[in-house]
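Please work through the exercises below with the structure open beside you. Each one sets a task and is followed by a solution that goes step by step.

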Amino acid sequence: MSLLRQVNRAAKSRDIILPAPIQGLNARDAISAMAPLFAITMDNYIPTDTTVVLRNGYSVYNKLGTDRVGVRAIVSYNIPNSTRMLAVYDGKIFDVKSGTSAVDLGVTLTNSDCQTVQYKNYLYFMNGNDTPLAFYVDSNNDDQIGTWGFSGTGLTQSNIIAGAVSKERLWFVEKGTLKVWYGGAGDIQGTLSSFDFSQVSKLGGELVAVANWTLDGGQGIDDLTVFITSEGEVFVYSGSNPNDPDDWALKGSYRIAKPVGLNCCMKYQGDIVVITEDGYMPLGKMLSISNSGETSSIFSDVIRGLVLNRTKGNKKKRGWQSVIYSKKGFALFNVPVDKQFEQHVINVNTGAWCRFTNIRAFCWCVYNDELYFGSDETIYKYDDGFSDDGEDIKGVVEQAYNNFGTPAIKKIGLINPRTKCSVPYRLTIYTNTDFKQRDIDYKANVGTSSGSLWNVATWSNIKIGVDTGCKWWSTNAMRVNSQWVANSAVGSNVSVVFKTKTRGNKIEWYETGMRYEVGTGIL
């Protein structure tokens with residue numbers, strides 16, 4: 001009787017294609033229950049409709065000094081046939097419309113943390129310590145700045161800390177009170193009257209923000225004025241004249257999470273997105289007065305855990321702000337963290353989130369459709385080049401875990417990251433299994449092309465394996481590159497980690513092919 005047995009030589013390998021995680025960062029769901037198109041980590045990569053793309057970098061636009069006191073505000077001023085970008089730095093206001101010069105407007109502030117509001121041709125600066133200032137451009141196209149020209153009975157002008165425009169009026173917030181001061185319809189100077197919300201407030205605190213809210217309540221478009229307190233009370237008024245009971249009515253008083261910072265409101269598509277301790281929330285979702293809420297599905301919820309973590313210990317820090325960057329289709333929320341900053345970024349078309357890191361920004365501004373931020377003593381232009389002022393951009397994405405449709409154990413033998421790039425680069429890509437989140441270091445890249453090509457150098461020479469991550473070089477710039485590289489990982493659930501450290505490169509990640517064996521006897 002023969003002792004030989006037949007050996008089944010049929011191929012045991014299987015292939016699967018994992019699309020890049022275009023649903024973006026998820027800080028809400030447990031990693032064991034996360035859908036496969038989400039990412040556990042997504043730093044400096046932006047989820048688009050079809051791919052995941054490394055963010056662009058920034059370059060110096062204007063250096064205002066040598067003291068690292070922080071550019072505390074930058075703002076765009078726009079009138080017909082003339083624009084300016086103004087910056088507040090070290091107690092001074094500068095005209096920085098030109099990146100090659102900064103014109104000191106000759107005023108001195110005791111506090112550089114200014115809020116601004118533009119009405120007609122006047123831009124008002126308020127900081128809660130100095131009498132507000134008004135900037136304008138005269139008929140000769142020259143810059144002019146002086147005191148704001150308003151007064152009011154019982155008003156300490158230096159206490160004005162924020163402002164807004166609603167119903168053709170200027171509204172100003174008085175620091176440390178529940179009072180709002182308002183001018184006459186169309187007035188750019190003159191006498192202010194006050195309205196005290198202590199008569200309707202149940203929670204106390206102080207007024208922090210005023211905003212105009214346009215919504216469709218079911219009977220046509222309505223234009224409302226919203227007042228938000230530090231305790232999260234929101235008062236919504238219709239009408240335009242608080243002095244006329246027939247033209248001023250409280251539509252509702254609501255309770256939301258406490259707002260964070262004085263720049264807590266962002267106007268978006270008729271709604272107002274508020275930075276709160278619980279996340280970035282549109283009023284259309286938080287207040288039952290609205291039944292429209294088109295933006296409610298695209299803000300905050302999926303990264304709520306991250307926002308809660310950040311607001312818990314940093315809500316009193318300077319720098320909270322939000323801005324829409326229409327040119328690239330995202331909204332950005334600036335977040336102070338310890339002594340640094342990060343940005344939570346949402347694709348406003350898909351609702352997918354990511355995070356920017358290593359951008360030290362005290363404030364942001366869109367000027368002539370371009371995005372700028374103020375750092376320690378310098379204004380930088382974002383979206384300019386593929387490096388952070390000459391430094392590497394470190395990008396990392398950890399995709400959600402995936403069991404490939406079966407809980408059986410698997411051995412991942414090969415990975416095929418399909419990407420497009422502007423110049424050859426080196427990629428660190430590897431797999432984590434069964435929720436064990438290893439962290440393998442970046443592979444440095446300066447855009448050279450001296451790496452080993454697939455199937456040219458021997459495996460022992462290029463040292464590809466589980467301990468070091470895969471060194472993968474793209475050689476076909478601006479074409480989708482498809483190359484299998486070795487991987488060694490065993491587990492039931494698999495997560496792809498994609499890391500780059502680059503300056504001078506545009507990288508797009510489309511999908512990842514994986515070749516694996518499944519079943520018993522593979523250990």
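## Exercise 1: Placing an isoleucine

Task: Locate Ile 346 in the predicted model, and decide whether Ile 346 is buried or exposed.

Solution. The residue Ile 346 belongs to strand β30, which covers residues 340-347. The next step is its accessibility: the relative accessible area of Ile 346 is 0%, and because buried means under 20%, Ile 346 is buried. As a last step, consider a distance within the chain: Gly 329 is 17 residues away from Ile 346 along the chain, and the C-alpha atoms of the two are separated by 8.6 Å.

## Exercise 2: Classifying aromatic pairs

Task: Determine how many aromatic pairs a search of the whole structure finds, and then classify the pair of Tyr 124 and Phe 172 and the pair of Tyr 280 and Trp 353.

Solution. The search of the whole structure yields 41 aromatic pairs. For Tyr 124 and Phe 172, the ring centres are 6.1 Å apart and the planes stand at 80°, and because an angle over 60 degrees counts as edge-to-face, that is the class of this pair. The pair links distant parts of the chain, since Tyr 124 is in strand β12 (residues 122-126) and Phe 172 is in strand β17 (residues 169-174), 48 residues apart. Both Tyr 124 and Phe 172 are buried.

For Tyr 280 and Trp 353, the ring centres are 5.9 Å apart with the planes at 35°, so this pair is tilted. Here too distant parts of the chain are linked, with Tyr 280 in strand β27 (residues 279-282) and Trp 353 in strand β31 (residues 353-356), 73 residues apart. Tyr 280 has a relative accessibility of 0% and therefore counts as buried, and Trp 353, at 1%, counts as buried as well.

## Exercise 3: From a ring cluster to the core

Task: Identify which residues ring pairs link into a cluster with Tyr 58, which arginine lies over the face of Phe 356, and which residues touch the most other members of the largest nonpolar core.

Solution. Ring pairs join Tyr 58 to a cluster with Tyr 325, Phe 330, Phe 356, Trp 364, Phe 373, Tyr 380 and Tyr 382. Over the face of Phe 356 lies Arg 55, at 5.6 Å from the ring centre; elsewhere, Arg 515 lies over the face of Trp 484, at 4.5 Å from the ring centre. Turning to the core, the largest nonpolar core has 83 residues, of which Tyr 280, Phe 333 and Tyr 382 touch the most other members. The element that gives the most to this core is strand β29 (residues 330-337), with six residues.

Conventions. Residues numbered from 1 in each chain as written. Predicted model: local features only at pLDDT ≥ 70, side-chain atom pairs only at ≥ 80, totals over all residues. Heavy atoms only, no water. Phe/Tyr/Trp six-rings, centres within 6.5 Å; stacked < 30°, edge-to-face > 60°. Helix = DSSP H or I, 4+ residues; strand = E, 2+ residues; numbered from the N terminus. Buried < 20%, exposed > 50% of the residue type's maximum accessible area, 1.4 Å probe, protein only. Lys NZ or Arg CZ within 6 Å of the ring centre and 35° of its normal. Core = buried A, V, L, I, M, F, W, Y, C linked by side-chain atoms within 4.5 Å.
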